[in-house]
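I am opening a fresh page for a structure I have not looked at before. I want to go from the overall picture to one helix pair, then to the nonpolar cores, and finally to a single residue.

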Amino acid sequence: MRNVLRCLRQLRPAFQRLDCVLFSVNVAEESPCHFGKSCHIHSSAYRVVGPSETNFVKNDSFVAITRALSTDAAKLTNTVTETTKAGPLVEYERRIANGELVEGDACQVDTLSELQRLYDELVESADVCQLDRNSEKPVRSGWLWSRLLSHPSYSPVKGLYLFGGVGTGKTMLMDLFFDQLPSNWRKKRIHFHDFMLNVHSMLQKHKGLSDPLDVVAGEISDDAILLCLDEFMVTDVADALVLNRLFRHLFNKGIILVATSNRAPDKLYEGGLQRDLFLPFIAALKERCVVHEIGSSVDYRKMTSGEQGFYLVGGDLSGFLKQKFQQLIGEGTPTPQEVEVVMGRKLQVPLGANGCAYFPFEELCDRPLGAADYFGLFKKFHTLALEGIPIFGLHNKSAAHRFVTLVDVIYENKARLLCSAEGTPQDLFEKIVTISEAKNMAPRTSSRSRKNDDSNLCVDNELGFAKDRTISRLTEINSREYLEHHAAMLSEKKERMDQNAIEA
């Protein structure tokens with residue numbers, strides 16, 4: 001309300017030429033919830049008061065007369081209407097009522113309450129946090145600025161760190177929250193892999209400066225004060241060392257972080273090299289964010305309908321896979337292609353046509369490639385045919401790490417996967433275990449040594465923790481709902497291209 005009154009004062013000259021007065025009326029209504037209890041929905045209704053209702057507000061400084069609203073006042077009304085959206089909790093209920101979502105459990109509702117709290121605080125403090133992209137904001141970068149304002153400028157609003165098991169709806173809930181925010185806010189939603197690739201790219205650009213991370217943090221905060229990071233997961237020592245200093249600068253510049261992760265903050269980068277240098281980041285994360293666990297044990301991804309046509313299990317399926325690949329590309333002729341990735345690097349694609357790429361598993365996951373290469377691939381291709389995914393173990397541990405990253409990027413880009421594999425998604429990771437799981441494995445009682453029995457057992461905390469997410473995502477990527485959504489997305493894209501061609 002304070003924001004509205006301040007805007008009205010700024011528009012006083014415009015209103016002095018009007019016949020109308022804009023009033024706000026707080027409304028609190030009780031709405032039925034889908035979770036066995038009623039919810040109070042708070043909103044604000046805005047209306048134009050006519051001449052018959054203006055007698056009690058007339059004064060010397062603000063005269064109400066009856067003429068049409070000016071352009072300035074209309075803009076204000078639009079801004080107010082958008083800012084007072086009901087928020088993620090009400091939108092969640094609307095989608096359930098319309099059949100767009102299955103009804104969630106109490107854990108999801110708890111999480112939505114946290115997101116609604118954050119939403120309300122952000123709306124209330126939008127000006128203080130400088131969320132409006134059109135508002136004036138100080139220049140944050142530069143030698144003089146960094147010395148004049150060396151003291152931190154923390155946001156008055158704490159962010160939110162959501163963690164929990166795979167398939168519990170973390171990404172869906174964060175996206176629902178993000179989509180309800182006003183479009184004119186300085187906000188950004190990005191996958192953590194992609195975010196770190198951008199950071200390293202910006203660091204390369206500012207190489208040679210005394211504190212390039214401060215400049216990078218300034219550029220990030222100038223673009224977005226509210227930063228939503230999906231799948232926060234630290235496995236790389238380079239990322240771990242950068243994150244501590246980067247987020248110290250970001251929090252000092254007023255950044256508000258919303259993040260999802262499979263891991264609690266204290267478990268991030270567990271067992272990693274030089275983890276002691278990473279620990280201050282965990283402390284800062286817990287200080288600047290409310291930490292909330294989604295305790296649900298339901299994997300909603302596995303509730304989708306299975307589809308057998310795109311995940312092929314068995315040996316010697318090369319010919320059949322290529323036949324399916326040809327069906328997907330239609331009349332196109334697949335040829336070797338090249339994809340440009342970050343910092344001038346190029347990725348060679350063995351076969352590609354009509355948005356579909358074909359790779360043997362070894363060429364994509366058994367070579368020194370990473371998230372940057374995979375993101376570059378899916379900027380050009382919407383479908384990947386991957387031949388010969390093996391059972392993972394100690395002998396191909398590095399390939400397993402790359403495959404996990406590849407599946408994350410496929411899922412983030414809503415791409416399609418056609419593949420042949422030696423086993424089901426569960427079979428692929430059967431020999432991957434965490435340290436805790438390895439300790440709980442019963443010792444052999446026969447004369448045969450356990451070492452020989454489990455020679456290919458891979459004990460890896462990060463991989464053992466990530467395998468459940470990968471199995472869950474492979475299940476969803478292969479579901480009928482996911483494939484239908486992908487087909488609809490391609491159809492819409494083709495219609496837009498056809499329309500653009502006609503207009504040209």
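**Surface and overall make-up.** I began with the outside of this predicted model, where I noted an accessible surface of about 25,200 Å², 52% of which belongs to carbon and sulfur atoms. Turning to burial, I found that 46% of the 504 residues of the protein count as buried. I then listed the secondary structure, which comes to 20 helices and 15 strands. For contacts with a separation of 6 or more, I saw that 79% are accounted for by residues 24 or more positions apart in the protein.

**A helix pair.** Next I looked up how helix α14, residues 371-380, lies against helix α15, residues 397-412, and found that their axes come within 9 Å and cross at roughly 35°. I wrote down the crossing of α14 and α15 as right-handed. On the α14 side the residues that meet α15 are A371, Y374, F375 and F378, and on the α15 side they are R402, T405, L406, V409, I410 and E412. Sorted by class, this contact of α14 with α15 has seven nonpolar, one polar and two charged residues.

**The cores.** I then asked which residues have the most contacts inside the largest nonpolar core. That core has 44 residues, and the ones I noted for their contacts are L364, L377, L384, L386, F403 and L406. At least two residues of this core come from each of several elements, among them β10 (346-353), β11 (356-360), β12 (383-389) and α19 (461-477), as well as α14 and α15. The largest share, nine residues, is supplied by α15.

I followed F403 further and, leaving aside its neighbours within four places in sequence, found F403 in contact with F361, C365, L386, I389, F392, L428, F429, T470 and L474. I also recorded a second, separate core of 34 residues, which includes F195, A217, L268 and Y269. As a reminder to myself, nonpolar side chains in soluble globular proteins tend to be buried together.

**One residue, V407.** My last stop was V407, which lies in helix α15. Why does V407 count as buried? I put V407 down as buried because its relative accessibility is 1%, and the cut-off for buried is under 20%. Beyond its neighbours within four places in sequence, V407 is in contact with T470, R473, L474 and I477. Finally, I checked V407 against L417, ten residues apart in sequence, and their C-alpha atoms are 8.9 Å apart in space.

Key. Residues are numbered from 1 along each chain as its sequence is written. This is a predicted model: local features need pLDDT of at least 70, side-chain atom pairs count only at pLDDT 80 or more; totals for chains, interfaces and linings use all residues. Side-chain values use heavy atoms; hydrogens and water are left out. Helices (H or I, at least four residues) and strands (E, at least two) are DSSP runs, numbered from the N terminus. Buried means under 20% relative accessible area, exposed over 50%, partly exposed in between (1.4 Å probe, protein chains only). Contact means heavy atoms within 4.5 Å. Accessible areas come from the Shrake-Rupley method with a 1.4 Å probe; for residues, only the protein chains shown count as cover. Axes are lines fitted to C-alpha atoms, for helices over the stretch in contact, and angles run from 0 to 180 degrees between N-to-C directions. A crossing is left-handed if the near helix is turned anticlockwise from the far one by less than a right angle, and right-handed if clockwise. Ala, Val, Leu, Ile, Met, Phe, Trp, Tyr, Cys and Pro count as nonpolar, Asp, Glu, Lys and Arg as charged, and the others, Gly among them, as polar. A nonpolar core is a set of buried Ala, Val, Leu, Ile, Met, Phe, Trp, Tyr and Cys residues joined through side-chain atoms within 4.5 Å.
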